[in-house]
Amino acid sequence: MKAKAFAPAKINLTLHVTGQRVDGYHLLDSLVVFADLGDTLHFTAGEALSISVTGEHAAGVPSDSRNLVWKAAEAAGWTGHIDLNKVLPHGGGIGGGSSDAAATLRMIEDEGGAIPPGTALRLGADVPVCTSASPNRMRGIGERLDPVTLPHLPALLVNPGVEVPTPAIFAALECRENPPMAEDIPVFEGPQDCAEWLGKQRNDLEGPTTLLAPEVAQVLDALKDTKKTLLSRMSGSGSTCFALYPTMKAAHFAAYEIGAAHPDWWCRAVQLN
Ligand code: C5P
């Protein structure tokens, strides 16, 4: 058996930290969407589990049991070879590892395999939403998902090349009890009214991340200065940030602007949904 899976980048359009559980995990209220850009995985069933990592962002990605893809396959009892093509920067707040693991679970399920209940959440708080790979409001620590309808959003993703450790960012939060989003998410006509509403929401991790990684503040400033930008914000705990635009043409133009000024930053125009 051979199979292929796509692991799209995950973007937190909002990330409100609303509390903390006794086990230390944080309660979130986050609007999550996915990009038309991501890693690809090729699976060849066999007797033993092995992984090879290729692609632009292969460096530093483990090809053994430390890889979340390995853990996902093992948890579901799947064996064979997995070729993981890394397009997304890891440690970047766009769910690279979580999305790869989720794509592995989706493939196993599509091929008729059984996934033990709770596997996705055990692999990581972002894995359940990545398994859906569609717009969702994510609550709890990541296990409570409500599908939402959102317009397709032209966007630019920018990563300055610094990795930020998620636990340290959560630990540096000054306030853990912040207001959630409104109970009802409005129905939007397009990117403009959606961005206007998003502008009144937050990513509560932006403060601690910009303190620990000043490059992220630089990215946010640069995105704010691009032409026709509707909103700029950090995704997850960083370091990837995004900006929204009215059209893909405007997003591509912004990619050109940022690329010219900061050739060392990873910068991609994408569509989010
Ligand atoms: O579950 P995941 O591997 O994505 O989380 C990485 C770390 O981020 C956790 O060990 C925890 O320190 C922090 N985290 C948290 N609350 C969440 C998700 C993650 O405190 N809801």
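Contact here means heavy atoms within 4.5 Å. This is a predicted model, where local features need pLDDT of at least 70, side-chain atom pairs count only at pLDDT 80 or more, and totals for chains, interfaces and linings use all residues. Residues are numbered from 1 along each chain as its sequence is written, and side-chain values use heavy atoms, with hydrogens and water left out.

**Exercise 1.** Find Thr14 and work out which residues it is in contact with, leaving aside neighbours within four places in sequence.

*Solution.* Start with the place: Thr14 sits in the loop between strand E1 (2-12) and strand E2 (16-20). Helices (H or I, at least four residues) and strands (E, at least two) are DSSP runs, numbered from the N terminus. Next, look around it: the contacts are Asp29, Ser30, Leu31, Met181, Leu198, Gln201, Arg202 and Arg233. Finally, check the cover: Thr14 has a relative accessible area of 0%, so it is buried. Buried means under 20% relative accessible area, exposed over 50%, and partly exposed in between (1.4 Å probe, protein chains only).

**Exercise 2.** Which loop holds Pro180, and what does Pro180 touch beyond its neighbours within four places in sequence?

*Solution.* Look between helix H5 (166-171) and helix H6 (191-198); Pro180 is in that loop. Now list the contacts: His16, Thr18 and Asp29. Then try Val17: its C-alpha atom is 7.5 Å from that of Pro180, though the two are 163 residues apart along the chain.

**Exercise 3.** Pick out the polar contacts of the ligand with His26, Ala125 and Ile141.

*Solution.* A polar contact is a pair of N or O atoms within 3.5 Å; within protein, one must be able to donate a hydrogen and the other to accept it, and residues adjacent in sequence count only if both atoms are side-chain atoms. Take His26 to begin with: a side-chain N or O atom is 2.7 Å from a ligand oxygen. For Ala125, go to the backbone, where an N or O atom lies 2.9 Å from an oxygen of the ligand. With Ile141, a polar backbone atom is 3.3 Å from a ligand nitrogen. As for cover, the ligand alone exposes 450 Å², and the protein buries 72% of that (Shrake-Rupley method, 1.4 Å probe; for residues, only the protein chains shown count as cover).

**Exercise 4.** How many aromatic pairs does a search of the whole structure find, and how are the rings of Phe43 and Trp78 arranged?

*Solution.* The search gives three pairs. Rings of Phe, Tyr and Trp (its six-membered ring) pair if their centres lie within 6.5 Å; planes under 30 degrees apart count as stacked, over 60 as edge-to-face and the rest as tilted. For Phe43 and Trp78, the centres are 5.8 Å apart and the planes are at 85°, so this pair is edge-to-face. Now place the partners: Phe43 is in strand E3 (residues 26-45) and Trp78 in the loop between helix H1 (68-75) and strand E5 (80-85), so the pair ties together parts 35 residues apart in sequence. Phe43 counts as buried at 1% relative accessibility, and Trp78 is buried too, at 11%. Try Phe188 and Trp197 as well: with centres 5.6 Å apart and planes at 50°, that pair is tilted. Both of these residues, Phe188 and Trp197, are buried.

**Exercise 5.** Which residues of H1 are buried, and what covers them?

*Solution.* Walk along H1 and you meet buried Leu68, Val69, Trp70, Ala72 and Ala73. Their cover includes E3, strand E4 (50-54), E5, helix H2 (96-110), helix H3 (119-123) and helix H4 (127-132). At the start of H1, a side-chain oxygen of Asn67 comes within 2.9 Å of the backbone nitrogen of Val69.
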